[in-house]
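Open your viewer and get ready to make a few selections. We will move from one pair of elements to the next.

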Amino acid sequence: MTKALLVEDDPKLSRLIAQFLERHGFNVAQAYRGDHAVEAFRRHDPAITILDLMLPGRDGLQVCRDLRAFSSAPILMLTAREDDLDQILGLESGADDYVIKPVEPRVLLARIRALLRRHSQLDEPPERLEFGPLVIDRRTRAVVHAGAEVDLTTMEFEMLWALASQAGQVLTRDDLLNAVRGIEFNGLDRSVDVCVSKLRRKLDDDPRDPARIKTVWGKGYLFSPKAHEGEDA
């Protein structure tokens with residue numbers, strides 16, 4: 001059976017959708033709060049997430065960003081709001097499709113199946129990233145820089161992979177903590193900053209003027225692929 005995660009705060013509607021999908025070959029896990037969604041995703045490991053926009057605890061847009069920090073599995077956003085801006089924000093947050101409630105169950109099923117078909121046709125996510133002399137191999141968990149292997153802790157490797165796999169994009173501390181440890185940033189945890197500082201040192205990135213892992217003040221961190229251009233491998 002295909003695993004699906006349904007994040008919907010209306011228990012009755014959630015139950016009806018889940019029952020319909022289960023009759024059509026899905027194994028559906030349900031979450032009713034946005035701040036429970038990431039944990040439910042990690043526990044269930046769904047092939048697709050059906051995500052309501054308006055959720056208690058954490059809104060659907062932020063949940064979508066949280067999931068996108070570590071997963072490429074398709075996300076279908078489900079909402080009663082018809083505002084074009086909401087649809088744009090949903091898609092820009094990482095959603096693959098957007099359905100307005102109420103939706104006929106068979107239409108919803110067709111959209112879900114279409115997303116799964118489209119996703120199955122995509123290439124598997126890379127297990128190896130190369131930026132000039134920097135090579136990151138997820139299968140062997142090895143990092144080589146300028147021909148020398150870099151010794152990283154598990155958290156340092158996961159942090160580097162999260163940043164490098166989304167090179168050129170700003171990741172917040174919340175994004176990074178979710179990707180590395182599956183928890184949310186509480187405003188006080190400095191583990192992300194400490195980890196980035198160690199990565200910079202191990203990758204010969206000037207801490208006073210970092211070029212490889214840049215600080216975007218007030219937002220987070222960005223891995224710059226251009227910082228490695230022109231370097232000798």
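Start with helix 3 and helix 7, which are oblique to each other (neither under 35 degrees, roughly parallel, nor over 145, roughly antiparallel, nor 65 to 115, roughly perpendicular). Select residues 60-68 for helix 3 and 173-181 for helix 7: they pack at an angle of about 55°, with their axes 8 Å apart. Axes are lines fitted to C-alpha atoms, for helices over the stretch in contact, and angles run from 0 to 180 degrees between N-to-C directions. Helices (H or I, at least four residues) and strands (E, at least two) are DSSP runs, numbered from the N terminus.

This is a predicted model, where local features need pLDDT of at least 70 and side-chain atom pairs count only at pLDDT 80 or more, while totals for chains, interfaces and linings use all residues. Residues are numbered from 1 along each chain as its sequence is written, and side-chain values use heavy atoms, leaving out hydrogens and water.

Now show side chains: Gln62, Arg65 and Asp66 of helix 3 meet Asp174, Asp175 and Asn178 of helix 7 (contact means heavy atoms within 4.5 Å).

Next, select residues 128-131 and 134-137. These are strand 6 and strand 7, running antiparallel and joined by four bridges (strands pair if DSSP finds at least two bridges between them). Here glutamate 130 stands opposite valine 135. Add helix 6, residues 154-164: this helix packs on the sheet, touching strand 6, strand 7 and strand 8 (142-145).

Finally, select residues 2-7 and 26-31. Strand 1 and strand 2 pair in the parallel sense over six bridges, with leucine 5 opposite alanine 29.
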